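Here is a short report on one protein model. Keep the sequence and the 3D view open as you read.

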Amino acid sequence: PDLLHLLKHPSPYSRKKALLCLYKVFLKYPQGLRLSFDQIKTCLDDPHPSVVSCAVNVITELSDKNPKNYLPLAPSFFRLLTSSANNWMLIKVVKLLGSLVPEEPRLARKLLDPLASIVRSTHAKSLLYEAVYALTLCLQYLQKAPANLGEVVELSVTTLRDFVSDADQNLKYLGLVGFGSLLQSQVRPSFCMK
């Protein structure tokens, strides 16, 4: 109760620290999350960006074990995906939304345009990779081919090709992993080799 009370403290620093302490409590006492889920959810709408970023980090870490429990937060994370300029937070948001796609396949179609927009606009390699990888996951769960499917696949192939042709061995590896995920999307191989 003391930590939940601190989530409403006027100081953003105190709210952020309370979130981090709650994360440690949830690791030891997972039922505590059920009791405080609504308060954690409100932190995603906090006026201070550092509190929002901290809430995203906590929720992303908690969702690693069972992403399905965090499906109700998809609209909030989608809003952050389309409105935030914080690359580190966007990486977490993209990862979480990507992990929710298998749980809710309809989300795949909705994520295509925002993820493609990130791929076109970002210069941060880590965010670029996570966005492309999430795109390849979305392609696996599309129930109907959208009008921009060819454009999205071509964007993914071009970006992954740049990763593979980079001199950095780590980026080459990530490019190959991304191509493996793209091939699992059952897109026609002749289209991918274009």
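A salt bridge is a side-chain nitrogen of Lys or Arg within 4 Å of a carboxyl oxygen of Asp or Glu. Arg-106 and Glu-104 fit that rule, with their closest N and O atoms 2.8 Å apart. Arg-106 is exposed, at 61% relative accessibility. Glu-104 is partly exposed, with a relative accessible area of 21%.

This is a predicted model. The average pLDDT is 88, and 95% of the residues score at least 70. Residues 187–194 stay under 50 in pLDDT. For that stretch the model has 10 contacts beyond four places in sequence.

**Salt bridges**

How many salt bridges does the structure hold? There are five. Three of them, including the pair above, are set out here.

| Salt bridge | Closest N to O distance |
|---|---|
| Arg-106 and Glu-104 | 2.8 Å |
| Asp-45 and Arg-79 | 2.5 Å |
| Glu-151 and Arg-120 | 2.6 Å |

Take the pair of Asp-45 and Arg-79, joined through their side chains. Asp-45 sits in the loop between α3 and α4, while Arg-79 belongs to helix α5 (residues 74–83). The two are 34 residues apart, so this bridge links distant parts of the chain. Asp-45 is exposed, with a relative accessible area of 51%. Arg-79 is partly exposed, at 35%.

Now take the salt bridge between Glu-151 and Arg-120. This pair also links distant parts of the chain, 31 residues apart. Glu-151 is in helix α9 (residues 149–164), and Arg-120 is in helix α7. Both partners are partly exposed: Glu-151 has a relative accessible area of 45%, and Arg-120 has 48%.

**A charge without a bridge**

Glu-130 is part of helix α8. Is Glu-130 buried or exposed? Glu-130 is buried, yet has no salt bridge. Its nearest side chain of opposite charge is Lys-95, 4.0 Å away. Beyond four places in sequence, Glu-130 touches Ile-91, Val-94 and Lys-95.

**Aromatic rings**

The structure holds three aromatic pairs. One of them joins Tyr-129 and Tyr-133 in a stacked arrangement, 5.8 Å centre to centre with 25° between the planes. Both residues lie in helix α8, four residues apart, which is about one turn of the helix. Tyr-129 is buried, at 8% relative accessibility. Tyr-133 is partly exposed, at 27%.

Tyr-129 also pairs with Phe-163, this time edge-to-face. Their centres are 6.0 Å apart, and the planes meet at 65°. Tyr-129 lies in helix α8 and Phe-163 in helix α9, so the pair ties together parts that are 34 residues apart in sequence. Why does Phe-163 count as buried? Its relative accessibility is 2%, and buried means under 20%. Ring pairs link Tyr-129, Tyr-133 and Phe-163 into a cluster.

**A loop and a helix**

Where is Thr-122 found? Thr-122 is in the loop between α7 (106–121) and α8 (125–140). Thr-122 is buried, with a relative accessible area of 13%. Its side chain reaches the backbone nitrogen of Ala-124 at 3.1 Å. Leaving aside neighbours within four places in sequence, Thr-122 is in contact with Asn-87, Leu-127 and Leu-128.

Last comes helix α3 (residues 31–42). Its buried residues are Gly-32, Leu-33, Ser-36, Phe-37 and Ile-40. Among the elements that cover them are α1 (2–6), α2 (12–28) and α4 (49–63).

Terms used: Residues are numbered from 1 along each chain as its sequence is written. This is a predicted model: local features need pLDDT of at least 70, side-chain atom pairs count only at pLDDT 80 or more; totals for chains, interfaces and linings use all residues. Side-chain values use heavy atoms; hydrogens and water are left out. Buried means under 20% relative accessible area, exposed over 50%, partly exposed in between (1.4 Å probe, protein chains only). Contact means heavy atoms within 4.5 Å. pLDDT is the predictor's confidence in each residue, from 0 to 100. A polar contact is a pair of N or O atoms within 3.5 Å; within protein, one must be able to donate a hydrogen and the other to accept it, and residues adjacent in sequence count only if both atoms are side-chain atoms. Lys and Arg count as positive and Asp and Glu as negative; His and the chain ends are not counted. Rings of Phe, Tyr and Trp (its six-membered ring) pair if their centres lie within 6.5 Å; planes under 30 degrees apart count as stacked, over 60 as edge-to-face and the rest as tilted.
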